[in-house]
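I opened this model to work through a few of its elements one by one. My entries follow in the order I looked things up.

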Amino acid sequence: MSTMMLQSHLSLSCGPRGGVPGLVTVPGFTVPNARTWHQRRPDGRRHVQWRCPTATPPQSPAGAVAPDLPGTCTPDPNIAAWELLRDFTLKEFRGIAQAPYLSSAASRQRLREALKLAYSDPSVPAGWLGAGHPDVEVLLGVVASDVKFAARAYRDWCEELQLELVKPDSRVDGVVDAMQVRGGVYLKYNSKTKLCYVSRYDGKDRGVLIQLGQLQLGHFPLGFFDEAMSKPPPSF
């Protein structure tokens, strides 16, 4: 699915994919005698900047040189989580996300942890207010071959992100109950306006799109938070 189609699905006016300013200085690494390091972003154009101490060994209180320490640097975990999610999204658009992110339980767990970390805290570069902000808005778009799969995924994401679960309306002519829509469906949800509806979808994409701030991420697998489908079906 093209970027334009994805934005149309979520009815958003987004900036360029991954609309993050070119440079971000990570808190906690602006220290004296620091080096500036750059990391190329997945799209090859933008990069993250952070600062870390030089390899010069620190001095002990007595003035003696402390044991050698590696001149390593660890980027802020929140920024690293956003970078991982953006890289997954870019690879998913290109159809190459399976091996690095979805092929093993460990890689899928890493993706889940990155999503939860990015979701929980504010990110100015991403335009994301953070989960606890009163004005936060989360958009979900679920595309599935059957409304039952879409409803399961929608329920799972609302539970994991602690969003209010709203009964979806039907936007299919002649079908009053959204759970009775047949064939491929698109389920849209807005956590702020409580808009939630199901419409027909004839495309081939499957999965969950999520919009956090300015960034649209996904598609994540339909069973991302319940791979074994061990939870009972939602009752709408």
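I began at the far end of helix 5, where Gln162 follows with a positive phi, near 55°. I keep in mind that this is a predicted model.

At the other end of helix 5, I looked for a contact at its start. I found a side-chain oxygen of Asp146 reaching to within 2.7 Å of the backbone nitrogen of Lys148.

Next I checked the length of helix 5. It covers residues 147–161, and at 1.5 Å a residue its 15 residues should span 21 Å. The end C-alpha atoms are 21 Å apart, so the span agrees.

Is helix 5 enclosed or open? I counted 11 of its 15 residues as buried, so helix 5 is largely enclosed by the rest of the structure. I noted the charged names among the buried residues of helix 5: Arg152, Arg155 and Asp156 are included, and so are Tyr154, Trp157 and Cys158. What do these buried residues pack against? I listed helix 4 (105–120), along with strand 3 (138–144), strand 5 (185–190), strand 6 (196–200), strand 7 (207–212) and strand 8 (215–220).

Strand 3 was on that list, so I turned to it, citing its burial: 7 of its 7 residues are buried, and therefore it is largely enclosed too. Both faces are covered. On one side I have Val138, Leu140, Val142 and Ala144, and on the other Leu139, Gly141 and Val143.

Then I traced the neighbours of strand 3. It runs antiparallel to strand 7, joined by 6 bridges, with Leu209 of strand 7 as the partner of Gly141. Strand 5 is also antiparallel to strand 3, again through 6 bridges, and there Leu139 is partnered by Asn190.

In what order do the strands of the open sheet lie? I read 4-6-5-3-7-8 for its 6 strands, with mixed pairing. The edges are strand 4 (169–170) and strand 8, each pairing on one side only. Strand 4 meets strand 6 in the parallel sense over 2 bridges, and Ser170 has Val198 of strand 6 as its bridge partner. Helix 2 packs on the sheet as well, touching strand 7 and strand 8, and its direction makes about 60° with that of strand 8.

My last entry is on Asn78, which lies in helix 2 (residues 77–94). Is Asn78 buried or exposed? Its relative accessible area is 11%, so I put it down as buried. Leaving aside residues up to four places away in sequence, Asn78 touches Leu117, Ala118, Asp121, Pro122 and Ser123.

Terms used:
Residues numbered from 1 in each chain as written. Predicted model: local features only at pLDDT ≥ 70, side-chain atom pairs only at ≥ 80, totals over all residues. Heavy atoms only, no water. Helix = DSSP H or I, 4+ residues; strand = E, 2+ residues; numbered from the N terminus. Expected span 1.5 Å × (residues − 1). Buried < 20%, exposed > 50% of the residue type's maximum accessible area, 1.4 Å probe, protein only. Contact = heavy atoms within 4.5 Å. Polar contact = N/O pair within 3.5 Å; in protein donor to acceptor, adjacent residues only side chain to side chain. Pairing = 2+ DSSP bridges. Axes fitted to C-alpha atoms, helices over the stretch in contact; angles between N-to-C directions.
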